[in-house]
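Colleague: I have a model open and want to learn how to read it. Can you take me through a few features?

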Amino acid sequence: MKKQVKLSAGPLLNERGELCQAGYATSLVKEYDRNQIKGGFLRIKEWDYYLIYNDRYGVALTLDDNSYMGLVSVSFLDFKKRTEHTASPMTLFPLGKTGFPGTSKTGDVSLSRKNGKMSFCHKDGKRILDGELRRFEHGLPIRIHFELTKEPKDSMVIATPFPEKRTAFYYNQKIIGMRASGKVEYAGHTYEFREENSFALLDWGRGVWTYENTWYWSAAMGLCDGETFGFNLGYGFGDTSAATENMLFYAGKSHKLEEVRFLIPGEDRGKPDYLKPWTFTSSDGRLELSFTPILDRKAYTSAGIILSDQHQVFGYFDGKAVLDDGTRLPVNHLLGFAEKVRNKW
């Protein structure tokens with residue numbers, strides 16, 4: 001792969017609504033302004049997705065404004081029982097009124113509907129996540145409160161164009177390896193999350209997408225030799241010739257990888273078996289992983305012109321990762337996920 005392009009500071013879009021530059025960074029150096037978008041107001045997609053987990057339980061929280069529809073989504077995962085439940089109340093035509101900030105660094109976002117509410121806020125150097133769905137499962141509510149701290153210095157940031165439409169783009173940040181504390185009240189139980197063994201990531205997305213796309217995404221986080229370690233891997237949509245979104249993170253510092261491929265059993269025959277072991281390989285030889293699945297958080301929706309086929313598979317990674325300076329880190333039973341998602345949206 002040729003040398004990857006590092007983004008320079010400045011506006012994200014030019015006067016024609018096209019990306020000024022494609023490439024990657026380790027912070028939000030490009031300035032996102034929704035008012036500069038020229039790709040059609042019904043095609044704008046903005047979301048914040050948080051995943052919090054320890055070795056026993058996990059929670060995924062999403063606020064989403066896709067212009068013609070929005071949602072508040074909560075997932076609760078039990079890794080020991082290998083079960084999950086997701087509820088995602090939708091709204092029609094929010095059209096940007098959700099009020100997502102133009103940066104992940106500051107600004108708050110919240111959404112309140114009949115069945116529940118959720119807010120993502122910044123306070124005293126922490127990220128505060130609060131949510132409630134009054135009818136989550138079997139008519140029972142779920143209540144959530146988390147505080148995220150120890151945000152790493154580096155994150156994965158990428159600006160991706162779509163070759164078929166010049167005014168389509170994706171500006172994305174993945175913050176991997178924050179520490180989390182808080183609790184979930186659900187089905188008569190209180191599930192405690194403690195900072196010493198609970199981790200969190202943020203998937204912050206802003207853009208104008210083309211109608212049909214398939215993506216692969218994987219992330220994991222935990223401890224390696226007493227330091228926070230994790231990774232972000234992904235590909236599958238847009239023009240990624242300028243840069244990949246593949247990065248290792250160790251002690252808060254990023255280490256850039258070239259291309260990575262997910263090898264899903266049976267996919268080459270059109271019959272993927274998501275719960276059989278996967279393998280991951282990088283073109284630069286710096287990441288070689290096996291992945292043992294334990295839980296497939298799957299969902300399929302088909303309604304008119306909208307289609308979504310999602311498999312977010314949780315499990316354990318084993319193998320090796322090599323940092324920029326050549327340091328080899330063992331990856332042993334590291335909990336994370338890998339997903340394949342196909343959308344017409």
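Modeller: We will go through the sheet, the pocket and the cysteines. Keep in mind that this is a predicted model.

Colleague: In what order do the strands of the open sheet run?

Modeller: Read a sheet by its neighbours, from one side to the other. Here the order is S20-S19-S18-S17-S25-S24-S23-S22-S21. That is 9 strands, with antiparallel pairing.

Colleague: Which strands stand at the edges?

Modeller: Strand S20 (253–256) and strand S21 (260–263). Each has a single partner strand, so one side of each has no neighbour in the sheet. From one strand to the next, the twist averages 20 degrees.

Colleague: How many bridges join S24 to S25?

Modeller: Count 15 between S24 (residues 306–322) and S25 (residues 328–344). The two run antiparallel. For one position, take Gln310, which sits opposite Val341 in S25.

Colleague: Now the largest pocket. Which residues lie nearest its centre?

Modeller: Asp64, Leu71, Ser308, Gln310 and Asn343. They belong to a lining of 44 residues. The volume is about 1000 Å³. So Gln310 turns up twice: opposite Val341, and among the residues nearest the pocket centre.

Colleague: What is the lining made of, by class?

Modeller: It has 22 nonpolar, 13 polar and 9 charged residues.

Colleague: How many disulfides are there?

Modeller: A search of the whole structure gives 0.

Colleague: Is Cys224 buried or exposed?

Modeller: Compare the relative accessible area with the cut-off: under 20% counts as buried. Cys224 is at 6%, so it is buried. Cys121 is at 25%, so it is partly exposed.

How values were computed:
Residues are numbered from 1 along each chain as its sequence is written. This is a predicted model: local features need pLDDT of at least 70, side-chain atom pairs count only at pLDDT 80 or more; totals for chains, interfaces and linings use all residues. Side-chain values use heavy atoms; hydrogens and water are left out. On a 1 Å grid over the protein atoms alone, a cavity is a set of points where a 1.4 Å probe fits but cannot get out, and a pocket is an open set with protein on both sides within 12 Å along at least five of seven lines; lining residues have an atom within 4 Å of a point. Grid points are joined across faces, edges and corners, and a volume is the space filled by probe spheres set on the points. Ala, Val, Leu, Ile, Met, Phe, Trp, Tyr, Cys and Pro count as nonpolar, Asp, Glu, Lys and Arg as charged, and the others, Gly among them, as polar. Two strands pair if DSSP finds at least two bridges between them. Helices (H or I, at least four residues) and strands (E, at least two) are DSSP runs, numbered from the N terminus. Axes are lines fitted to C-alpha atoms, for helices over the stretch in contact, and angles run from 0 to 180 degrees between N-to-C directions. A disulfide is a pair of cysteine sulfur atoms within 2.5 Å. Buried means under 20% relative accessible area, exposed over 50%, partly exposed in between (1.4 Å probe, protein chains only).
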